[in-house]
Amino acid sequence: MTRTKEARDTAEKTTAQTAGTRVSPARKRLALAIIARLKEEYPDSDCTLEYDQAWKLLVSVRLAAQCTDARVNVVVGSLYEKFPDVDALAAAPVEEIERIVHPCGLGNSKARDISACMKMLRDEYGGKVPDDFDKLLALPGVGRKSANLIMGDVFGKPAIVTDTHCIRLVNRMGLVDGIREPGKVERELWKIIPPEEGNSFCHRLVDHGRAVCTARTRPFCDKCCLRDLCKKVGV
Ligand code: SF4
């Protein structure tokens, strides 16, 4: 299936899912204007987790919970040196995985999820990562955010990754109204973001959230490329 057809299918699915709910044309226009501006500002935004195979992104995205991508990128080096493929990692003792991934925090639960996930890939998918959202969601330790990231980054399919930056920024910008629950934010964004733009839009939100629309300080609205568009809700 081509990416264009995939985008169209998702758009139709999204339209069906949101049928009966009103979407303000002004909000759609705002979304498109923000997308265009962020494209200019961050033309090269991409995932900051490093990987060369799909299963490695699955591992990294699990490790990235409450940990920086930079630290994950270092830790996985040791992990893959010892367990270089799905079979090796699936057969690894959980305690050994935990010992290696400990610097990422939550070592025990992350190690258990990674072990169970690799076993499932080995036993049910011949060691391959499925390119199906629901199948991804059924893998241990994989939530909607991770499944969307894999769909978008690995398979080039429409995806909206509602991480902490995305949720903070789209609320401030006025693209959603005081919604914090990731699944609800995702549903609202599907209504106003063209499916083929979702994945890169979310990567750009991460870059913008780190550099300008920050969480730990007041956002730097005076030097923001969106200052004339953004609603600055709660700022
Ligand atoms: S104008 Fe301010 S609140 Fe809006 S996106 Fe820019 S930094 Fe964030």
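This report describes helix packing, burial and selected loop residues in a predicted model.

**Helix α7 and its surroundings**

Helix α7 covers residues 107-125 and has 19 residues. At 1.5 Å a residue these should span 27 Å, and the end C-alpha atoms are 26 Å apart, so the expected span and the model agree. The residue that follows α7 is G126, which has a positive phi, near 60°. On the other side, the loop between α6 and α7 holds L106. L106 is not a glycine, yet its phi is positive, at about 50°. L106 counts as partly exposed because 16 other C-beta atoms lie within 10 Å.

The buried residues of α7 are K110, A111, D113, I114, S115, C117, M118 and L121. An α-helix has 3.6 residues a turn, so residues three or four places apart point the same way. The cover over the buried residues of α7 includes α3 (54-63), α5 (86-91) and α6 (94-101).

**Packing of α6 on α7**

Two packed helices are described by the angle between their axes and the distance between the axes. For α6 and α7 the angle is about 125° and the axes are 8 Å apart. This angle makes α6 oblique to α7. The crossing of the two helices is right-handed. On the α6 side, V94, I97, E98 and V101 make the contact; on the α7 side, G107, N108, K110, A111, R112, I114 and S115 do so. By class, the residues of this contact of α6 with α7 are five nonpolar, three polar and three charged.

**Helix α3**

Eight of the ten residues of α3 are buried, and the helix is mostly covered. The buried residues are W55, L57, L58, V59, S60, V61, R62 and L63. They pack against α4, α5, α6, α7 and α9. In the loop between α3 and α4 (69-82) lies Q66. Its phi is near 55°, a positive value in a residue other than glycine. Q66 is exposed, since 9 other C-beta atoms lie within 10 Å of its own.

**G141, between α8 and α9**

G141 is placed in the loop between α8 (133-137) and α9 (144-154). It counts as partly exposed because it has 19 C-beta neighbours inside 10 Å, where 20 or more would make a residue buried. Apart from neighbours within four places in sequence, the contacts of G141 are R62, D113, I114 and C117. R62 is among the buried residues of α3, while D113, I114 and C117 are among those of α7. Between the C-alpha atoms of G141 and R204, 63 residues apart along the chain, the separation is 25 Å.

**Helices α10 and α12**

Helix α10 (residues 164-173) packs on α12 at an angle of about 80°, and the axes of the pair are 9 Å apart. At that angle α10 is roughly perpendicular to α12. The residues that meet are H165, C166, R168 and L169 in α10 and C202, L205, V206, H208 and G209 in α12. This contact has five nonpolar, three polar and one charged residues.

L205 belongs to α12, which runs over residues 198-211. With 25 other C-beta atoms within 10 Å, L205 is buried. Beyond its neighbours within four places in sequence, L205 contacts H165, C166 and L169. The C-alpha atoms of L205 and M120 are separated by 32 Å, with these positions 85 residues apart along the chain.

**C230, after α12**

The segment after α12 contains C230. This cysteine is buried, because 21 C-beta neighbours lie inside 10 Å. Its contacts, leaving aside neighbours within four places in sequence, are R172, M173, G174 and C224. C230 and N171 are 59 residues apart in sequence, and their C-alpha atoms are 9.9 Å apart in space.

**Burial of the selected residues**

The table collects the neighbour counts given above.

| Residue | C-beta atoms within 10 Å | Class |
|---|---|---|
| Q66 | 9 atoms | Q66 exposed |
| L106 | 16 atoms | L106 partly exposed |
| G141 | 19 atoms | G141 partly exposed |
| C230 | 21 atoms | C230 buried |
| L205 | 25 atoms | L205 buried |

Definitions and conventions. Residues are numbered from 1 along each chain as its sequence is written. This is a predicted model: local features need pLDDT of at least 70, side-chain atom pairs count only at pLDDT 80 or more; totals for chains, interfaces and linings use all residues. Helices (H or I, at least four residues) and strands (E, at least two) are DSSP runs, numbered from the N terminus. The expected span of a helix is 1.5 Å times one less than its number of residues. A residue is buried if 20 or more other C-beta atoms lie within 10 Å of its own, exposed if 12 or fewer, and partly exposed in between; C-beta atoms are placed from the backbone. Two residues are in contact if their C-beta atoms, placed from the backbone, lie within 7 Å. Axes are lines fitted to C-alpha atoms, for helices over the stretch in contact, and angles run from 0 to 180 degrees between N-to-C directions. Angles under 35 degrees count as roughly parallel, over 145 as roughly antiparallel, 65 to 115 as roughly perpendicular and the rest as oblique. A crossing is left-handed if the near helix is turned anticlockwise from the far one by less than a right angle, and right-handed if clockwise. Ala, Val, Leu, Ile, Met, Phe, Trp, Tyr, Cys and Pro count as nonpolar, Asp, Glu, Lys and Arg as charged, and the others, Gly among them, as polar.
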